Amino acid sequence: MNLAQKKTTTPTFKEIILLTIPQMGLMLCHLLISMTDIWTAGKIDATSINATTKLIEQSIEASSVQASLGVVSQIFALLMMITSFIASGCMATISQSLGSGLKERANRYAGLIILLSATSGITVCVSAIFLQNIIFDLMQIANNLRPTLAIFFLTSCLGLPFYYILIMVNSIFRAYKKVWLPLCTLAIMAIANIIGDLGFGLGYFGLPNYGAEGIAWTTFACSVFGLVSNFCLAIKYNIIKKTSFAPWKWNKKAMPYLFKVGMPAALSQIITQLGSLTAIAIISKIPLESTNILAGMNVGMRIYSILLFPLSALNMSIIIFSGHLLGSGNRNILFQFGKKVAFKTGLLVIIPALILWIFREPIVNYFTEDPKVKEQAMLFLTFACLMTPFACTTSLFDGIFAGSGATVLPCKINAFTSWVVNIPLSWLLAITFGFGAIGIYSTMLIVRLITFVLILQIFYKRKWLEYGLRKKAN
């Protein structure tokens, strides 16, 4: 009887694959959009096209568009993390509710999540626009980068509410295990982004050439299109309907757990992202090479994301399965399932990491023509490939905790590694000892190793199994 129960409750390899493959498609579409932007930016840098048609006869410094795109990506990620508590709460509350058989509760959580994401997204958008100069000053952005950076910053802020709700609706689809629906939307978005970047960014297809400005506004337009399309799909398949938006009395009782799960997750991401922005500020203190290091890191991170996107898809599947298993009361099965998947995946990922390291030079050559940027990108990829097995295993354990509602545990770890280890050690190695970029990347590897050890200890203590929703009536 126990064996039969295990077969019906433990996710099989087939179930994992069927849920992960379309999510890999989602990750691939996001990656394609990102890679198209950085490739187009590299072409603009290489040909010294003006950053915007408004800056007549003022040419951009080499690699400044790629550097600006990299910096605004970090800022945009931080702004996304400020409201990311909803995403973590979304996956935990809906998947656990569905696992418990409480479909009405899951449906109402979906409506609440959409309302919260819209409100917080608009608030962050307006605040960031007003605080633009302060943010640039705090990050110590060089004056030569600011004109181009301001364009990307504005369009990213304006697109933030649309893009964030889009991500939330995708998360709701995932929790319902309906991942094929948003895949079609993102595929169309990726194609539209390619056409827009090549057309309005480089002047292909007979379209007007707006340079960096064309890239920025194309990304904004695609986020609006994606949100509208996903909403139509959610309404069509009754995932979002009139009854999804519950009375205030229900929302008032439902929100505490959403915040209990989401706030530590958001705080963890904010802490980590602030650490990354602080690292950029430290890089800005490195004489002469700061722009090339920023551009090289940006190229390297985009290439490294090729390796990470299957892991991100698997991580989403793990969150969903964890929530469903915990909601149905199968705690021991969840523990064994999480341990098996995390360690096996951590070992398997060594092979693609080694392949990426071997072929890093020809891959980097495809994305930039600047020899100094190439050098920095290849250096970044060397350290990134070394940390891949530890980063992979840690990420999957984070997914298990997120699905179980135990987001406060990795939050504490990230707070320690980011501010007690990462920032002081980065300054010490990069500035004090003069190792420059090598000091930054070495710190990155050390932080990953420490995080891996700490999260492994927490997993085996099993206290994270106590953080789930209680099975109550709708």
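This presentation goes through the helices, aromatic pairs, cysteines and selected contacts of one protein model.

Good morning, colleagues. Please keep in mind throughout that the model is predicted.

I begin with the overall composition. The secondary structure amounts to 17 helices and zero strands. Of the 474 residues in the protein, 57% are buried. Among contacts with a separation of 6 or more, 84% are between residues 24 or more positions apart.

Let me turn to individual helices, beginning with helix 8, residues 180-202. Its 23 residues should span 33 Å at 1.5 Å a residue, and the end C-alpha atoms are indeed 33 Å apart, so expectation and model agree. After helix 8 comes Gly203, with a positive phi near 85 degrees.

Helix 16 covers residues 408-432. For its 25 residues the expected span is 36 Å, and the end C-alpha atoms lie 34 Å apart, which agrees. This helix does bend, by about 30 degrees at Asn422, and the proline Pro424 follows within four residues. Just after helix 16, Gly434 adopts a positive phi of about 75 degrees.

Helix 17 also deserves attention. It contains 25 residues, and from first C-alpha to last it reaches 37 Å, close to the expected 36 Å. Which helices do the buried residues of helix 17 pack against? They pack against helix 10, helix 11, helix 12, helix 15 and helix 16. Those buried residues include Gly439, Tyr441, Leu445, Thr451, Phe452, Ile455 and Phe459. The residue that follows helix 17 is Arg462, and its phi is positive, near 70 degrees.

Two of the phenylalanines just named lead to the aromatic pairs. The model has 19 aromatic pairs by the rule applied here. I shall describe two of them. Why does the pair of Phe390 and Phe452 count as edge-to-face? The ring centres are 5.5 Å apart and the planes stand at 70 degrees; an angle over 60 degrees puts a pair in that class, so the pair is edge-to-face. Phe390 belongs to helix 15, residues 371-404, and Phe452 to helix 17, residues 437-461, so that the pair joins distant parts of the chain, 62 residues apart. As for accessibility, Phe390 is partly exposed at a relative accessible area of 27%, whereas Phe452 is buried at 17%.

The second pair is Phe397 with Phe459. Here the ring centres are 4.5 Å apart and the planes are at 40 degrees, so this pair is classed as tilted. This pair too links distant parts of the chain, with Phe397 in helix 15, Phe459 in helix 17, and their positions 62 residues apart. Phe397 is buried, with a relative accessible area of 0%. Phe459 is likewise buried, with a value of 0%.

Both residues of that pair belong to one aromatic cluster, made up of Phe335, Phe343, Phe397, Phe401, Phe459, Tyr460 and Trp464. Arg462, the residue that follows helix 17, lies over the face of Phe335, at 3.7 Å from the ring centre.

I come next to the cysteines. How many disulfides does the model contain? The count is zero. Cys125 takes part in no disulfide, and the nearest cysteine sulfur, that of Cys157, is 5.8 Å away. Cys125 is also buried, with a relative accessible area of 8%. For Cys184, the closest cysteine sulfur is in Cys29 at 9.4 Å, which is too far for a bond. The cut-off behind this reasoning is 2.5 Å between sulfur atoms.

Finally, I select two residues whose surroundings illustrate long-range proximity.

Gly159 lies in helix 7, residues 146-175. Is Gly159 buried or exposed? With a relative accessibility of 5%, Gly159 counts as buried. Its C-alpha atom is separated by 9.2 Å from that of Trp217, 58 residues apart along the chain. Beyond its neighbours within four places in sequence, Gly159 is in contact with Phe220 and Ser223.

Ile306 lies in helix 11, residues 290-327. Ile306 is partly exposed, with a relative accessible area of 37%. In sequence, Ile306 and Leu28 are 278 residues apart; in space, their C-alpha atoms are 8.1 Å apart. Setting aside neighbours within four places in sequence, Ile306 is in contact with Leu31 and Met35.

That concludes my presentation, and I thank you for your attention.

Definitions and conventions. Residues numbered from 1 in each chain as written. Predicted model: local features only at pLDDT ≥ 70, side-chain atom pairs only at ≥ 80, totals over all residues. Heavy atoms only, no water. Phe/Tyr/Trp six-rings, centres within 6.5 Å; stacked < 30°, edge-to-face > 60°. Helix = DSSP H or I, 4+ residues; strand = E, 2+ residues; numbered from the N terminus. Buried < 20%, exposed > 50% of the residue type's maximum accessible area, 1.4 Å probe, protein only. Lys NZ or Arg CZ within 6 Å of the ring centre and 35° of its normal. Contact = heavy atoms within 4.5 Å. Expected span 1.5 Å × (residues − 1). Bend = angle between axes of the 7 residues up to and from the residue.
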